[in-house]
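Subject: Handover of a structure and the findings from it

Dear colleague,

Please find below the structure that I am handing over to you. The findings follow directly after it.

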Amino acid sequence: LIVVNTPVPATTLFVFPLILTRLALLALPAPTPVHRLPRICPLLEVLDLSYNPWLNEPPGGQAGVENSETFLQRIEWKKWARLRVVGLRGCEISSDIATKVNMGRWEEVEVVMEEHPAFRTSMSDVEAMMRSLRLD
């Protein structure tokens, strides 16, 4: 399932099928409670949250509050036993997230944070591609 540049409220998350194995929530215009995903979609193998700069902010507008967790820090990564790949391109996340994602795992999850040199894209490139896909 791929959702691009569309608001995804919590009520929408709850209708995602439990058997979902691949999910991409790309360039969402507003914060989404992604910390609920491990309970909603426990079988995820691939999760792409690229181009969501709000992932590095605390929920509920608590910016500047000490010890407040960000959206990404609130995710219980260990609940996804089958997770193999996490995409976080264009999110300006520190590299220590890979340690948190892989904590307590036998097999390491690939955390993709940088663009592949052959496929370098920016948010404006993604938006241009989306405009070219308009259905008439």
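In what follows, two residues are in contact, or touch, when heavy atoms of theirs lie within 4.5 Å. Please also note that this is a predicted model.

A residue to which that definition applies is glutamate 45, which is placed in the loop between helix 2 and strand 3. Leaving aside residues up to four places away in sequence, glutamate 45 touches Thr21, Arg22, Arg82, Leu83, Arg84 and Val85. Its relative accessible area is 19%; buried means under 20%, so glutamate 45 counts as buried.

Overall architecture

The protein chain contains 4 helices and 5 strands. Along the sequence, these elements follow the pattern β-α-β-α-β-β-α-β-α. Of the 136 residues in the protein chain, 40% are buried. Among the contacts with a separation of 6 or more, 56% are between residues 24 or more positions apart.

The sheet

How are the strands ordered in the sheet, and in what sense do they pair? The 5 strands form an open sheet in the order 1-2-3-4-5, with parallel pairing. Strand 1 (2-4) and strand 5 (110-112) are at the edges; each has a single partner strand, so one side of each has no neighbour in the sheet. On average, and with direction ignored, neighbouring strands of this sheet are turned by 5° against each other.

Strand 2 and strand 3 are joined in the parallel sense over 3 bridges. Arginine 22 has valine 46, in strand 3, as its bridge partner.

Valine 86 lies in strand 4. With a relative accessibility of 0%, valine 86 counts as buried. Its C-alpha atom is separated by 4.9 Å from that of leucine 47, although the two residues are 39 residues apart along the chain. Not counting residues up to four places away in sequence, valine 86 touches Leu47, Trp77, Val101, Val109, Glu110, Val111 and Val112.

The nonpolar core

In soluble globular proteins, nonpolar side chains tend to be buried together. In this model, the largest nonpolar core has 32 residues, and those that touch the most other members are Leu37, Leu55 and Trp77. At least two residues of this core come from each of strand 2 (22-26), helix 2 (37-40) and helix 3 (97-102). With residues up to four places away in sequence not counted, leucine 37 touches Leu13, Phe16, Leu23, Leu25, Pro42, Leu47 and Trp80.

Aromatic pairs

How many aromatic pairs does a search of the whole structure find? The search finds 2. In one of these pairs, the ring centres of tryptophan 54 and phenylalanine 71 are 5.2 Å apart and the ring planes stand at 80°, so the arrangement is edge-to-face. The pair links distant parts of the chain, with the two positions 17 residues apart; both tryptophan 54 and phenylalanine 71 are in the loop between strand 3 (46-48) and strand 4 (85-87). Tryptophan 54 and phenylalanine 71 are both buried.

Cysteines

A disulfide is a covalent bond between the sulfur atoms of two cysteines. A search of the whole structure finds 0 disulfides. Cysteine 41 has a relative accessibility of 0% and therefore counts as buried. Cysteine 91, at 2% relative accessibility, is likewise buried.

Backbone angles

Most residues other than glycine have a negative phi. Two residues with a positive phi deserve mention here.

Asparagine 5 has a phi near 50°, which is a positive value in a residue other than glycine. This asparagine is in the loop between strand 1 and helix 1 (10-13). Its relative accessible area of 43% makes asparagine 5 partly exposed.

Alanine 27 also has a positive phi, near 50°, and is likewise a residue other than glycine. Alanine 27 is placed in the loop between strand 2 and helix 2. Is this alanine buried or exposed? At 6% relative accessibility, alanine 27 counts as buried.

Yours sincerely

Terms used: Residues numbered from 1 in each chain as written. Predicted model: local features only at pLDDT ≥ 70, side-chain atom pairs only at ≥ 80, totals over all residues. Heavy atoms only, no water. Phe/Tyr/Trp six-rings, centres within 6.5 Å; stacked < 30°, edge-to-face > 60°. Buried < 20%, exposed > 50% of the residue type's maximum accessible area, 1.4 Å probe, protein only. Core = buried A, V, L, I, M, F, W, Y, C linked by side-chain atoms within 4.5 Å. Disulfide = S-S within 2.5 Å. Pairing = 2+ DSSP bridges. Axes fitted to C-alpha atoms, helices over the stretch in contact; angles between N-to-C directions.
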